[in-house]
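Hi there,

Here is the structure I promised to pass on. My notes follow below it, whenever you have a moment to read them.

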Amino acid sequence: MSLDALLVHVQDEIARTAHPRAPWLVPRTGPDGRPAHDVIVVGAGQSGLAIAFGLMRAQVTNILVLDRAPRGLEGPWLTYARMRTLRSPKDFTGPDLGLPALTYQSWHEARYGQASWQALDLILREDWAAYLAFVRTATGVPVENGVTVTGIAPADNLLAVTDSDGTVRYARKVVLATGQEGAGRWAMPEALADLPPGRVARTDDAIDFAGLEGKRVAVIGAGASAFDNAATALEAGAAAVTLLCRRAEAQVVQPYRWLTFAGFLRHLGDLDDAWRWRFMSAVMGLREGFPQATWDRCARHPHFHFLPGAPIRAARMDGSAVVLDTPQGMVTADLVIAATGIAVDYAARPELLAFAHNIATWGDRYAPPPQERDDRLAAYPYLGDDYAFTEREPGLTPWIRDIHLFGIASTVSHGPSGSSINAMTTAVPRLVSGLTRGLFTADLDRLWAEFRAYDVPQAVLR
């Protein structure tokens, strides 16, 4: 089957499984006199596409997806993702939402053949990006690219979504599917704050790896992304790459493999606060382990150095070089790459500024036992069962119940739902159910009136 034939097959499957088909929402009018959207999804990566597709399957079709990137460059896959392949097993499903023809396997077999699928180990990230482009086309999700959302505020019982050009769009609900930094910013160790811009970079930066040939590179962090950046520098011809791990030993156990079963993925979000905190503080305390291939990609280079037990205590310039002070000694580099994850910082997100002060956090809602205390996780948002923000001070910003966060910052509340392919099959339907529940309950008066007026006979008595 060709890709063109697969496209037809997908659309046929969508049509065959469209029950219930009845439309049930009536567009509201915005303050500008135009119809408002029922849902605006910010972010057209894998999660944003899946959420929008799920809404369309529920006959919530008056939606719009916005993304700041040009078409084809949504998400990290063709920009700052520097792994060769996805780390998820090839048979994990997600954006397909249960349609066999829309799975990655169907796309891969249509493009490369069944033998290629059988021989495949892990999915190339470029192929995953191409597959997501196919999903967008096949599902017909409405996306506007090149739109950066800069504000969300209340407006006549709706939400006003403002972009960087000053254009305002109105919606009943907003979903933030904004990826890694959706509730904050990329973290930079304090010790590196005073280094010149040309001597320090973050993993999400557009790093000129070709310019690192013959240079010394230090990578701070020991997660999979740190190793990806180290390997990319080595493959570009760096003279030496030192990876500094603050822990005494590298984390090689991957807790996300253990928790990928239906019970955990479906129901972690149903547990009480104590159990949710216990599980997720343990999981996130371990961090994600890296696979063998990620280590081997670095270790095969003789100029790769792994330095455990080496948190950065201070950094200074010595001529044109950076000198890092660690408990394991001094490390000299021409470029330092910080692979230190995400910091929750609501004020760093322009779209959250109107209510950043009143976002309830886990620290506001739950006091764990002393042995489970974690100030980093306490800053994560305390989300409702529909992924909606909740208020720190009730009644101050009641409209944030219609803003739903689906990203890495939803992890403490719902597990690895908005941040991992492994959870999409359960997390996206849960979010979509929460969105449709909110739209339905808000329309109860209208729906009751429509029901009472319904008088279409099903039979004629002859």
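Let me start with one residue: R278 is partly exposed, because its relative accessibility comes to 37%. Please keep in mind throughout that this is a predicted model.

**Salt bridges**

R278 has a salt-bridge partner in E372, with 3.5 Å between the closest N and O atoms. E372 sits in the loop between α11 (362–365) and α12 (375–378), whereas R278 belongs to helix α9 (residues 273–286), so this pair ties together parts that lie 94 residues apart in sequence. Unlike the arginine, E372 is buried, at a relative accessible area of 16%. There is also a network held together by shared partners: salt bridges join R28, D38, R172, D443, R446 and E450.

The count of salt bridges comes to 29. Two others may interest you if you are thinking about charged side chains. D163 and R169 form one of them, and their closest N and O atoms are 3.0 Å apart. Are these two partners buried or exposed? D163 is buried, with 5% relative accessibility, and R169 is buried too, with a relative accessible area of 12%.

The other pair is D12 and R16, whose side chains meet in a salt bridge at 2.5 Å, N to O. Both residues are part of helix α1 and sit four residues apart, about one turn of the helix. Here D12 is partly exposed, at 31% relative accessible area, and R16 is exposed, at 66%.

**The nonpolar cores**

Which residues touch the most other members of the largest nonpolar core? They are I51 and W128, in a core of 50 residues. Several elements supply at least two residues each to this core: α1 (3–16), β1 (37–42), α2 (46–57), β2 (63–67), α3 (104–112), α5 (125–139) and α14 (424–442). Leaving aside residues up to four places away in sequence, I51 touches V41, V175, A177, F406, V428, L431, V432 and L435. A second core, separate from this one, has 42 residues, among them V174, L176, L352 and W399.

**Around β1**

Strand β1 deserves a look in your viewer. Six of its six residues are buried, so the rest of the structure largely encloses β1. Strand β1 pairs with β6 (residues 168–176) in the parallel sense, over five bridges, and H37 has A171 as its bridge partner in β6. Strands β1 and β2 also run parallel, joined by four bridges; the bridge partner of V41 in β2 is V65. Between these two strands the chain passes through α2, and the resulting β-α-β crossover is right-handed.

**An open antiparallel sheet**

Elsewhere, three strands make an open sheet, in the order β12-β13-β14, with antiparallel pairing. The edges are β12 (314–318) and β14 (329–333); each has a single partner strand, so one side of each is left without a neighbour in the sheet. From one strand to the next, the twist averages 25°. Five bridges connect β13 (residues 321–326) with β14 in the antiparallel sense, and V322 has A333 as its bridge partner in β14.

That is what I have for now. Happy to talk any of it through.

Best wishes

Key:
Residues numbered from 1 in each chain as written. Predicted model: local features only at pLDDT ≥ 70, side-chain atom pairs only at ≥ 80, totals over all residues. Heavy atoms only, no water. Core = buried A, V, L, I, M, F, W, Y, C linked by side-chain atoms within 4.5 Å. Buried < 20%, exposed > 50% of the residue type's maximum accessible area, 1.4 Å probe, protein only. Contact = heavy atoms within 4.5 Å. Pairing = 2+ DSSP bridges. Right-handed = clockwise from strand over helix to strand, strands pointing away. Salt bridge = Lys/Arg side-chain N within 4 Å of Asp/Glu carboxyl O. Axes fitted to C-alpha atoms, helices over the stretch in contact; angles between N-to-C directions.
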